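Work through the exercises below with the sequence and the 3D view open. Try each task before you read its solution.

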Amino acid sequence: MTQTPTATPPARRGPQLPSLTTLGPLIALLLACIFFATQSDRFLTSQTLALVLKQISYVGVLAIGQTLVILTAGIDLSCGVIMALGGMVITKLAAEQGLPPVLAVLAGLAITTALGAVNGLLISRLRLPPFIATLGMYGIVFAATQIYSNAQTVSNLPPALNFLGSGFALGSATFSYGSVLMLLLFGVAWFFLTQTAPGRHVYALGNNPEAARLTGILTTRVLIGVYATAGLLYGVAALILVGRVGAGDPNAGQTENLESITAAVLGGTSLFGGRGNVLGTLLGAMIVGVFRVGLTLAGVNSVYQVLVTGILIILAVATDQLSRRKA
Amino acid sequence: MTQTPTATPPARRGPQLPSLTTLGPLIALLLACIFFATQSDRFLTSQTLALVLKQISYVGVLAIGQTLVILTAGIDLSCGVIMALGGMVITKLAAEQGLPPVLAVLAGLAITTALGAVNGLLISRLRLPPFIATLGMYGIVFAATQIYSNAQTVSNLPPALNFLGSGFALGSATFSYGSVLMLLLFGVAWFFLTQTAPGRHVYALGNNPEAARLTGILTTRVLIGVYATAGLLYGVAALILVGRVGAGDPNAGQTENLESITAAVLGGTSLFGGRGNVLGTLLGAMIVGVFRVGLTLAGVNSVYQVLVTGILIILAVATDQLSRRKA
Amino acid sequence: MTAAPHLTPAPTGPARPLVMEARGLVKRYGHVTAINGADFELRPGEIMAVIGDNGAGKSSLIKALSGAVVPDEGQIFLDGQPISIRSPIEARRHGIETVYQDLAVAPAMTIAENLFLGREILKPGPLARTFRILDKKRMLEEAVRYMQDLQFAIKSMSQPVETLSGGQRQGVAVARSAAFARHVVIMDEPTAALGVRESNMVLDLIRKVRDKGLPVILISHNMPHVFEIADRVHVHRMGRRAALLDPRRISMADTVSVMTGAIKPEELSADVLAH
Amino acid sequence: MTAAPHLTPAPTGPARPLVMEARGLVKRYGHVTAINGADFELRPGEIMAVIGDNGAGKSSLIKALSGAVVPDEGQIFLDGQPISIRSPIEARRHGIETVYQDLAVAPAMTIAENLFLGREILKPGPLARTFRILDKKRMLEEAVRYMQDLQFAIKSMSQPVETLSGGQRQGVAVARSAAFARHVVIMDEPTAALGVRESNMVLDLIRKVRDKGLPVILISHNMPHVFEIADRVHVHRMGRRAALLDPRRISMADTVSVMTGAIKPEELSADVLAH
Amino acid sequence: ALAQGQPVIGLITKTDTNPFFVKMKEGAQTEATRLGAKLLTGAGKADGDNAGQVTAIENMVAAGAKTILITPSDSKAIVPAIAKARAAGVMVIALDSPTEPASAVDGLFATNNYQAGVLIGQWAKKAMGGKKAVIATIDLFPGQPVGIARHNGFLAGYGMSGVSAGTAGQVNAGVACAQDSFGDQAKGQTAMENCLQKNPDINLVYTINEPAAAGAYQALKAAGKEKSVLIVSVDGGCAGVRNVEAGVIGATSQQYPLKMAAMGVAAGVNYAKTGKKVSGYTDTGVNLITNKPESGVKSQNGKYGLANCWGK
Ligand SMILES: Nc1ncnc2c1ncn2[C@@H]1O[C@H](COP(=O)(O)OP(=O)(O)OP(=O)(O)O)[C@@H](O)[C@H]1O
Ligand SMILES: Nc1ncnc2c1ncn2[C@@H]1O[C@H](COP(=O)(O)OP(=O)(O)OP(=O)(O)O)[C@@H](O)[C@H]1O
Ligand SMILES: [Mg+2]
Ligand SMILES: [Mg+2]
């Protein structure tokens, strides 16, 4: 009545358990490191690690905020310019108005937090698409920074503001306090997102906003909270940037929105919200940083660096996808 | 047994019929026009209309492709640089290699279409997130353009390539053929998306990819088709740009990805896919164009233009949202 | 019209105050009027079944009662007091818990997380309370308990809900509502996707909730279930209440006829009506 | 064990070739084995009911049969020929139409569009065919016809599906599969969200499909429906077929016992087994 | 991979895209090849990207560069990063534009952007004769120091009061229409179109660079005003000089990126060999290129311009 069954070759397709989301970026990062180690004998040193961490420190902190926002199915185009304004406020108040650095920093953080909260209000109360709200904010904050600073860089900062740019020696490498702060904030964000109730609400909101609303999560409050927290983080990023550069730069932050989104998405966070992991974002930021340092060490011309970075980004995520399909 | 019922005031919240999606942008556009008409008596003229159409012509065509992509729940960061490369190929072949303009144009369109198809392949076959695939492509194509052109502008084009930049007089205004082509393409795209089976498949794919797959839509083919078509449109945009500028510019297209996404989102297309309308995108592009011309006519200083544009974008979409809630 | 013999005195009498009442609710969506002047009442400790054709407006009605949707007109009373439930949070504050027909779960989150969404168990201690740190271990344990009560064979509570079968997913939503209600439980077709055994467990659960003294609103298309468990039956038709029936006195066939409009409510003899 | 008297000769005998057969299907998701060596068979013109507890693996089985999921192991035969159905498109090419439990509709698109998704009616003429221009008018008319056949009271076919009630949405998915099948119809709980009247219309529809000569696979938790309509009953348990029963010879209670594991299939008397 | 013992020199430009910087890189590469040095290149992502330049400095130090040539995007904000590099024993030379303070670097091979603006301003004043100028400025991008220096230089040269090299921010008093072009031809064209719509009487156009000038010309031509409006620009690229020859641009201030780069590389090789650093400011010069010389304004003709231009 029936034919002899012949086994079909095992095929692995269709939906899979979305486990180990940070494994893919990790593999990509390791592969990149191995590759660059073959290209330059200066690569596999603790200095390189210190350098990468230092260079990604402020974008990394921006990317924490960006990840929070993306997890709610949002996007923040204004992160970089909010950071720039924060930096200008801090440096102008401290270096030109002569305010004590602590007060200047508090004022800067207050402003960036407030701007983040405005984003949140526009998105939750007026129900603007996050792309539009933060794009509008980008223009407003960018112009405000130029007007407030009269397009002038502020230098001669009080030494306290340079603190995050300085660091401590560990072996032959100097790790900046700014990068330590970044790592610390990644830890805090990880704890918040995975171990606390409000953290899980962020995921729920991005995963199924209607379900979040129906289960009684105060979605408006969560959204405003997320954008305001992101704003606060942008302020901290400003502080790290100020310490790193040693000046208040009104032109900072114009491309950092794309960079922070890239870090999050490279790290496996979905732009549709509710799926992702802030430690993945750290890996994503490090991948970009490693590419940049590695390509310079390998002596690649700057235009070709852009080219190769493009190829490597695609390869990194393709590896990730393939490793998932195997898993 | 019961109290006298007192009527609650009518409240209008919760999900609404998503009707009339282009009405909101239209209202915003009209309000903007009225506003600028009060600011400058030179605003309400046919010249202004011709100017706006001319200025948005190539971004408008990019935005058609971008809208197709966004409807599939994708995003294309590489649209502008693909256009730039297309423009360089066309102008270099025609002006420097002396190829007949028609052949040069065909070569340019072939390349942009192929690059679009590569995007589609990366996204559908390798399952890369569109953000990553097109970001990688951005770097690759940007660098390729710089290398290919040696960062040099190509001028002294054969007159045929300037055709789309020329135009015809209608009253006191001169409408460029490039803007006519743009309007035509919007019409074609509208027809495709609303009146043909493949057009509806684009919506279905963005609206519920799993449902699209299960109902037997060839999702891979649709995706590759969409990205390739978008690439073709970027080639046409290159042609319009070349005609308009009268030169091949290797630095074109670096900010046009954001501009085209803005046009689509302002026009009511959802970044989550499956919802939107290409005519809304036209309105979205016009809103941005009207802001630019209007603010210049109103004599607003350039930094303040950035500021006011930010505010106006937020206001425009807020109006849209409020009008929907009323509807 | 056959009426079942009057076996027991009606458990609820007109003298007892109503837990929940709605009068003249209206909700329009564009041209569609989903609720068209609907009345509703619920007595303490009763199981009120709401039945009706597809599209009759049952889900819309209970969405209005649970704050998921704000009606355009009409008034809702809780324990005799007029209240306005303008959001699900307000409904929850009033102790109303709801299973929605489309389940309202977050697919990427685990079963345990979904069960406790919005009312997570926190670790003890002031520090943990301030930062609202989750007690994941206890949440997992409790989740296992709830789901075992319903006899669902689910391997792990830390599985994302999107990997569950349709019925298992519904089980999660049902367990959630029953666990947290303090005043009223509303269930919109809780057994639609459930197997025979699992359905029976849910019916048991509903009885247990009732026995705790909480009234239950049960929407169902399954007439045997309705007749097995309901104290009164609210028949919904074209956006409003068509009749309020006593399932101990009316036959299933007649009930279906009222529901589909084959029998006009006026034609019913008074003794099959509930009061 | 009570067996219903043998009323009519079995409509299908072992001599007739099988329309669809599956042997030793396996599908694993991480640690979970959703299909665990399942067999399946379907004879021409029969209604085969598939029943089982929640999470037994029924939906996974039919997903494997309809190309929605590619099994890790095992073989599928169509009309006696081994085939591999690696995608829903291939299943459709073989004339297999499926109603999925989670409906697979595009919520923002209209009812008419959803009904014809992937098989739109095109305008006549070579130009219209080349550009695949839709005949929207005809699609609307046909949609009205399909939905009226099922007696759904839906105002407008150009309403987006997301504005429909749960049952109405299910109606759309059912109408779609019945309209286009040429070989096999698979329905995963088609009446779960339906009202009494609408359920009966769907059962009628299934009979009509069978009468056209197409076999139907019906997954359902509703035992009365299963016993009303099925020719044979496939009991699924823990990822595999536990028994193949003849609903005319076995009682509903025994069937449920087999399904829940209270009775072992080996304990059944041979005459209640289907063959 | 880098060969042992070879002098490593880093060149950091503002962007990868501006032909000015692309030429500068070419000049450096030619000289480096000739002198047997290894050239590393880096750039900010966009004009004004200071953080990107800081990163590039760090990476080049890590890669073993002993000399870094940089065209600072932000004259002040880059200083602390340069100080760190110098502390690590690296000689840093600013190209094209100075740092603030100028002593932050070992040496400066530069042109004066403000002075470049002044030259075209002075020339334009003369060329307009007694006619009342209605000025449009097609600028770079808000807040860009180079843009501001050229713009303000032009106005000062034209004789606007209250503008000097020290003026902070862009002065727009006395300008009929100021629009940003990002130095891009298409955007320059859009900017000019809008200015013409605002004020059709515009008769003098300052442009930030020659691509913007080409765009402005395109817009003027479309309006039939290309003959009656005077365009001045800055850069002196070959395409720009040809436009001067063709009468599209009235005058342009020519700068010499190749020269700056070659001098920088030579200094770097010298430092590697002898350990001798450069010091002070070397002006690589600005020349006004025009075929319509005006008395009192020193200028060179198009032939000279073409002979010394960069690009092709
Ligand atoms: N958001 C909405 N927009 C437009 N129409 C809606 C919306 N929600 C519900 N409706 C309409 O209101 C009517 C009632 O829907 P409802 O979901 O309340 O029905 P129901 O009685 O629960 O049906 P079912 O038994 O199928 O679940 C339906 O005709 C539906 O199309
Ligand atoms: N994509 C998936 N990832 C992981 N596990 C899955 C996946 N799909 C199904 N499963 C598991 O496989 C088992 C069988 O699921 P299936 O949906 O086939 O059950 P079912 O018999 O249809 O149940 P129901 O009657 O509730 O619809 C379940 O335990 C489920 O958790
Ligand atoms: Mg319902
Ligand atoms: Mg199932």
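This is a predicted model, in which local features need pLDDT of at least 70 and side-chain atom pairs count only at pLDDT 80 or more, while totals for chains, interfaces and linings use all residues. Residues are numbered from 1 along each chain as its sequence is written, chains are lettered from A and ligands numbered from 1 in the order in which they are written, and side-chain values use heavy atoms, without hydrogens and water.

**Exercise 1. Find the protein donors of the magnesium ion that is ligand 3.**

Step 1. Know the cut-off. Donors are N, O and S atoms within 2.8 Å of the metal (3.2 Å for Na, K and Ca). Water is not among the atoms, so sites may look incomplete.

Step 2. Read off the atoms. OG of C:Ser59 and OE1 of C:Gln101 coordinate the ion at 1.9 to 2.1 Å.

Step 3. Place them in the chain. C:Ser59 sits in helix α1 (residues 58-65) of chain C, and C:Gln101 in the loop between β6 (96-99) and α3 (111-115), so the pair ties together parts 42 residues apart in sequence. Helices (H or I, at least four residues) and strands (E, at least two) are DSSP runs, numbered from the N terminus.

Step 4. Check the exposure. Buried means under 20% relative accessible area, exposed over 50%, and partly exposed in between (1.4 Å probe, protein chains only). C:Ser59 is buried because its relative accessibility is 17%. C:Gln101 has 23%, so it is partly exposed.

**Exercise 2. Repeat the search for the magnesium ion that is ligand 4.**

Step 1. The donors are OG of D:Ser59 and OE1 of D:Gln101, 1.9 to 2.1 Å from the ion.

Step 2. D:Ser59 belongs to helix α1 of chain D, and D:Gln101 to the loop between β6 (96-99) and α3 (111-115) of chain D; they are 42 residues apart.

Step 3. D:Ser59 has a relative accessible area of 16%, so it is buried. D:Gln101, at 24%, is partly exposed.

**Exercise 3. Describe the surroundings of ligand 1.**

Step 1. Locate it. Ligand 1 lies between chains C and D.

Step 2. List neighbours. A residue is near a molecule if one of its heavy atoms lies within 4 Å of it. There are 21 residues around ligand 1, and C:Lys58, C:Ser59, C:Ser60, D:Thr163 and D:Ser165 come nearest.

Step 3. Sort them. The shell has 5 nonpolar, 13 polar and 3 charged residues. Here Ala, Val, Leu, Ile, Met, Phe, Trp, Tyr, Cys and Pro count as nonpolar, Asp, Glu, Lys and Arg as charged, and the others, Gly among them, as polar.

Step 4. Find oxygen partners. An oxygen atom of ligand 1 is 2.7 Å from a polar backbone atom of D:Thr163. For D:Gly167, a backbone N or O atom lies 2.7 Å from a ligand oxygen.

Step 5. Judge the cover. Alone, ligand 1 exposes 640 Å², and the protein buries 91% of that. Accessible areas come from the Shrake-Rupley method with a 1.4 Å probe.

**Exercise 4. Which residues come nearest to ligand 2?**

Step 1. Ligand 2 lies between chains C and D. Of the 21 residues around it, C:Thr163, C:Ser165, D:Lys58, D:Ser59 and D:Ser60 come nearest.

Step 2. Trace the elements. α6 (166-180) of chain C, with β2 (32-42) and α1 (58-65) of chain D, each supply at least two residues of the shell.

Step 3. Add a distance. An oxygen atom of ligand 2 is 2.9 Å from a side-chain N or O atom of D:Asn54.

Key:
Polar contact = N/O pair within 3.5 Å; in protein donor to acceptor, adjacent residues only side chain to side chain.
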